[in-house]
Amino acid sequence: MKLIARRKEEQQETTTVRVGDVIIGGPQLVVIAGPCAIESYDQLLSTALEVQRLGATMLRGGAYKPRTSPYSFRGKGVGGLEMLAQIKALTGLPVVTEVMDARDIERVGLVADMFQIGSRNMQNYTLLTEIGKTKHPVFLKRGLASTLEEWIYAAEYIMAEGNDQVVLCERGIRTFETYTRNTVDITAIPALKELTHLPVFLDPSHGTGKWSLVNPVGLAGVAAGADGLMIEVHPQPELALSDGDQSLNFKHFAEFMDRLRPVAKAVGREVL
Ligand code: PEP
Ligand code: MN
């Protein structure tokens, strides 16, 4: 763990990762919000405008979706990337979107300000190596059954190629519990802060799988020291083509941001 490790115990500074105008790992608590999947121009635009108005500083949205069943909606692919490019130009929001396959890096990189490597691909060493050769920031989600050590080594794969712009994102791990989709490992946040100098995010949407739990668990992550949150938001979650059960509607996202501000302030962070 040569590159990722915090060098000295007294060195408390987190490395900052710059994505467009957004600085991850600094005093600002960064909220990345948007739909699980890009479904249509109007869906993405309305969500982008609303989350921006409410204080999110980056937009998320998947064009390539890793779905458990091959018969589920697998994303709009290139068409989704085109919508993302248009809405990025309109709103000025930097965008993060998943790249599932090393063959798509160039195409996705034309639009993405930050590459997302999803949970299912955390140990895709070809993908990690090829992404490491780019200059793009990388949002590396924790594998659904990965230890902190395995996750740290995955980040090291990227950094070993010369790309040190890596953000780690806890998104819940698989345990014996079935009530929630995953079990959020809040401990991972301060543990990674001890072990590494990289910014750490929490995704309470995939972590819980239930929209009603996103708000309290997100706040817990901020209290534990997360540098930002990734939240799924959809104009009509009941009609979403993926992850509707865990997506906040606009009203719930507004409430979430209201509750987030005082908690962020209490731990010395600002929210736009
Ligand atoms: C997502 O962000 O929509 C996603 C598929 O996340 P994960 O890889 O954490 O399951
Ligand atoms: Mn999702």
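The following exchange concerns a predicted model and treats its barrel, its manganese site and some individual residues.

Biologist: In what order do the 8 strands close into a barrel?

Modeller: The pairing between these strands is parallel. From one strand to the next, the twist averages 25°. The barrel closes in the order 3-4-5-6-7-8-9-10.

Biologist: Which residue stands opposite E98 in strand 6?

Modeller: Strand 5 (residues 95-98) runs parallel to strand 6, and 3 bridges join the two. E98 is at the end of the range 95-98 given for strand 5. Its opposite number in strand 6 is Q116.

Biologist: What is the bridge partner of F115 in strand 7, and what is the hand of the crossover that leads there?

Modeller: Strand 6 pairs with strand 7 (residues 138-141) in the parallel sense, over 3 bridges. The partner of F115 in strand 7 is V138. Between strand 6 and strand 7 the chain passes through helix 4 (residues 125-132), and this β-α-β crossover is right-handed.

Biologist: Which residues point the other way from M114 and Q116 in strand 6, and are they buried or exposed?

Modeller: Strand 6 covers residues 114-117, with M114 and Q116 pointing one way. The residues on both sides are all buried. Those that point the other way are F115 and I117.

Biologist: What angle does the direction of helix 4 make with that of strand 6?

Modeller: Helix 4 packs on the sheet and touches strand 6 and strand 7. For another helix, helix 6 (residues 188-195), the position is across strand 8 (166-170) and strand 9 (200-202), and helix 6 runs at about 170° to strand 9. For helix 4 and strand 6, the angle is about 170°.

Biologist: Which residues coordinate the manganese ion (ligand 2)?

Modeller: In sequence, the donor residues are spaced C-x169-H-x25-E-x10-D. The coordination is at 2.0 to 2.4 Å. The donors are C36 (SG), H206 (NE2), E232 (OE) and D243 (OD).

Biologist: Why do E232 and D243 count as buried?

Modeller: Buried means under 20% relative accessible area. E232 is buried because its relative accessible area is 1%. D243 also counts as buried, because its relative accessibility is 17%.

Biologist: What is the phi of D243?

Modeller: D243 is located in the loop between strand 10 and helix 9. Most residues other than glycine have a negative phi. D243 is not a glycine, yet its phi is positive, at about 55°.

Biologist: Is D42 buried or exposed, and what distance separates its C-alpha atom from that of P235?

Modeller: D42 belongs to helix 1 (residues 41-54). It counts as exposed, because its relative accessibility is 56% and exposed means over 50%. D42 and P235 are 193 residues apart along the chain, while their C-alpha atoms are separated by 9.7 Å.

Biologist: Which residues does UniProt list for "domain: DAHP synthetase I/KDSA", and how far apart do the end C-alpha atoms of that span lie?

Modeller: The UniProt entry, which is unreviewed, lists residues 17-258 for this domain. In the model, that span is 37% helix and 16% strand. Its end C-alpha atoms lie apart by 26 Å.

Note on methods: Residues are numbered from 1 along each chain as its sequence is written. Chains are lettered from A and ligands numbered from 1 in the order in which they are written. This is a predicted model: local features need pLDDT of at least 70, side-chain atom pairs count only at pLDDT 80 or more; totals for chains, interfaces and linings use all residues. Side-chain values use heavy atoms; hydrogens and water are left out. Donors are N, O and S atoms within 2.8 Å of the metal (3.2 Å for Na, K and Ca); water is not among the atoms, so sites may look incomplete. Buried means under 20% relative accessible area, exposed over 50%, partly exposed in between (1.4 Å probe, protein chains only). Helices (H or I, at least four residues) and strands (E, at least two) are DSSP runs, numbered from the N terminus. Two strands pair if DSSP finds at least two bridges between them. A crossover is right-handed if, with the strands pointing away from the viewer, the path from the first strand over the helix to the second runs clockwise. UniProt positions are given in the numbering used here, feature names are shortened, and annotations may be inferred rather than shown by experiment. Axes are lines fitted to C-alpha atoms, for helices over the stretch in contact, and angles run from 0 to 180 degrees between N-to-C directions. Contact means heavy atoms within 4.5 Å.
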